[in-house]
Amino acid sequence: MPVNAIISALPLAEGSTHAHTGAWVAAVLRSRIAEGQLLPGAKLSEQALSDALGVSRNTLREAFAVLDHELVITRIPNRGVFVSSPGPEGVREIYGVRRMIEPAAALWGPNLDVEALAAVIVDARKALAAGDIPSMADANQCFHEELVRATGSQHLQELMTKVLAQMRLVFHAMGDAPDFHSHYVELNAGLVALLTEGKREEAADSLRGYLDRAEAELLAHLDDDAGN
């Protein structure tokens, strides 16, 4: 969908609660990025977003400051604001955070919902069978979001939302490598199998190896792109 169409479909601020908060605007834009609707390199027009969201430009700039700090957008002087394209350092930072949070959620999360994780695997396998890469990426995001929900911590869930927004930008770089998503469908299924059997320590160990592998694969792909 064109950027202008996505912007025009954004939710309008209602009343004073949202209309004067940059945090709400940042959350709206972050969610669109995490959902893959706003892609790396997309230009974010101040005028279009202000009109679409019903907020002032000052409020929008507050949101941009938040997202810039999160490395989700990039502000380029005299050119504008763009959705970021994370490089190798961004990938290392993302996976450093994920290695701290996700295995711990698998090992100790008090609200672990194995049935919800299994339901995501069903969707992922359907997408795999259909060769639907965007839906596989969606399922992958949902899986890891659900896993962190097991912690019961709102702060960790909010942090994971930010990480997933960055991950979506990284995944876009793998659009020409569909196997990247396909083999993680069954790796996720393997985690569910371990968790179903109550083997939480084994699942956490497996997940750490999984994240190491994914990081290495992404970095190799970015390195190949840089060399071409």
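# Close-up views of a predicted model

**Figure 1. One aromatic pair turns up in a search of the whole structure.** The partners are the rings of Y184 and Y210, with centres 5.0 Å apart and planes at 50°, so the pair counts as tilted. This is a predicted model, so please read each distance and angle here as a computed value. The two tyrosines come from distant parts of the chain: Y184 belongs to helix α10 (residues 179-196) and Y210 to helix α11 (residues 200-227), with their positions 26 residues apart. Are these rings buried or exposed? Y184 is buried, because its relative accessible area is 4%, under the 20% limit for that class. Y210 is buried as well, at 6% relative accessibility. A charge joins the picture too: the charged end of R213 sits over the ring of Y184, 5.8 Å from the ring centre.

**Figure 2. N140 makes a side-chain polar contact with N188.** N140 is found in helix α8 (residues 133-149). The two side chains, of N140 and N188, meet at 3.3 Å. Which residues does N140 touch, once those up to four places away in sequence are set aside? They are F171, N188 and Y210, and Y210 is also a member of the tilted pair in the opening view. With a relative accessible area of 12%, N140 is buried.

**Figure 3. The side chain of D212 meets the side chain of R99 in a polar contact.** The distance for this contact is 3.0 Å. D212 lies in helix α11, the helix that also holds Y210. At 40% relative accessibility, D212 is classed as partly exposed, since that class lies between the 20% and 50% limits. If you would like a backbone distance to go with the side-chain one, try Y95: its C-alpha atom is 7.9 Å from that of D212, although 117 residues separate the two along the chain.

**Figure 4. The largest nonpolar core holds 38 residues.** Which members touch the most others in this core? They are V91, Y95, F143, M167 and L218. Two or more residues come from each of α6 (88-108), α7 (114-130), α8, α9 (154-172), α10 and α11. The biggest contribution is that of α11, with 8 residues. A second core, separate from this one, has 23 residues, among them A42, L49, L53 and A63. For a closer look at the larger core, pick F143: leaving out neighbours within four places in sequence, F143 is in contact with L117, V120, I121, N188, L191 and V192. N188 in that list is the polar partner of N140 from Figure 2.

**Figure 5. A203 is buried in helix α11, at a relative accessible area of 1%.** Beyond the residues up to four places away in sequence, A203 touches L191, L194 and L195. L191 is also among the contacts of F143. The C-alpha atoms of A203 and G190 are 8.3 Å apart, and the two residues are 13 positions apart in sequence.

**Figure 6. L71 and N78 each have a positive phi without being glycine.** Where do these two residues lie? L71 is in the loop between α5 (57-69) and β1 (73-76), and N78 is in the loop between β1 and β2 (80-83). Phi is about 70° at L71 and about 65° at N78. N78 is exposed, with a relative accessible area of 87%.

**Figure 7. The whole protein has 11 helices and 2 strands.** Here is the overall setting for the close-ups. Starting at the N terminus, the order of elements is α-α-α-α-α-β-β-α-α-α-α-α-α. Of the 228 residues, 43% are buried. Among contacts with a separation of 6 or more, 75% join residues 24 or more positions apart. The accessible surface is about 11100 Å², and carbon and sulfur atoms account for 54% of that area.

Key
Residues numbered from 1 in each chain as written. Predicted model: local features only at pLDDT ≥ 70, side-chain atom pairs only at ≥ 80, totals over all residues. Heavy atoms only, no water. Phe/Tyr/Trp six-rings, centres within 6.5 Å; stacked < 30°, edge-to-face > 60°. Helix = DSSP H or I, 4+ residues; strand = E, 2+ residues; numbered from the N terminus. Buried < 20%, exposed > 50% of the residue type's maximum accessible area, 1.4 Å probe, protein only. Lys NZ or Arg CZ within 6 Å of the ring centre and 35° of its normal. Polar contact = N/O pair within 3.5 Å; in protein donor to acceptor, adjacent residues only side chain to side chain. Contact = heavy atoms within 4.5 Å. Areas by Shrake-Rupley, 256 points an atom, 1.4 Å probe, with all protein chains shown as cover. Core = buried A, V, L, I, M, F, W, Y, C linked by side-chain atoms within 4.5 Å.
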